[in-house]
Amino acid sequence: MTPMSPVERVRHRSLMLLRRLRPHREHVVVRFRGDLTADTIVDTHRVLRTALRDVPEVLVVDLSRVTHLSPDGAVVLLLAVRAARAQKTRLEITGARAQTAVVIRQTGLERYLSHGPLDR
């Protein structure tokens, strides 16, 4: 084995420290509550982006406590789906209530539900 240069040693130590600080997780669950609308898209996007940062195998988005999902809020979820696919993370949407389910169906997010199609 060839000795590492000082730069390679620093890079190696940095990577080892990052792995200890941010270990790879298999499943990450994000639970939203209240309204996912134009007023909350920045925060929603930030939360989803942070959850995807660790490159989990599965990201579960729990919408069981969401009372209203607007088309703007659904766009943020679609962007999360695209980002998850780009890094080979499976995104699952769970717990959609009636109003939320309608918007999910209209925007095409239904195919990302973990428990199959919504009841009609």
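**Close-ups of helix α4 and the α2–α3 pair**

**View 1. The two sides of α4.** A98 and Q106 are exposed on one side of α4, while the buried residues of this helix are T100, A101, V103 and I104. Those four cover an arc of only 165 degrees around the axis, so they sit on the same side of α4. The arc is taken from the directions that run from the helix axis to the C-beta atoms. Here, buried means under 20% relative accessible area and exposed means over 50%, with partly exposed in between (1.4 Å probe, protein chains only). Bear in mind that this is a predicted model, where local features need pLDDT of at least 70 and side-chain atom pairs count only at pLDDT 80 or more, while totals for chains, interfaces and linings use all residues. Residues are numbered from 1 along each chain as its sequence is written, and side-chain values use heavy atoms, with hydrogens and water left out.

**View 2. Zooming in on T100.** T100 belongs to helix α4, which spans residues 98-107. T100 counts as buried because its relative accessibility is 0%. Leaving aside residues up to four places away in sequence, T100 touches L63, V66 and L69; a contact means heavy atoms within 4.5 Å.

**View 3. What α4 leans on, and where it ends.** The buried residues of α4 pack against β2 (58-69), α3 (71-86) and β3 (90-94). After α4 comes G108, with a positive phi near 85 degrees. Helices (H or I, at least four residues) and strands (E, at least two) are DSSP runs, numbered from the N terminus.

**View 4. Helices α2 and α3 together.** The axes of α2 (residues 41-53) and α3 come within 10 Å and cross at roughly 20 degrees. Axes are lines fitted to C-alpha atoms, for helices over the stretch in contact, and angles run from 0 to 180 degrees between N-to-C directions. α2 and α3 are therefore roughly parallel to each other, a label for angles under 35 degrees. I41, T44, H45, L48 and L52 in α2 meet D72, G73, V76, L77, A80, A83 and A84 in α3. The residues of this contact divide into eight nonpolar, three polar and one charged. Ala, Val, Leu, Ile, Met, Phe, Trp, Tyr, Cys and Pro count as nonpolar, Asp, Glu, Lys and Arg as charged, and the others, Gly among them, as polar.

**View 5. Stepping back to the chain.** The protein chain has four helices and three strands, following the pattern α-β-α-β-α-β-α along the sequence. Of its 120 residues, 35% count as buried.

Conventions
Parallel < 35°, antiparallel > 145°, perpendicular 65-115°, else oblique.
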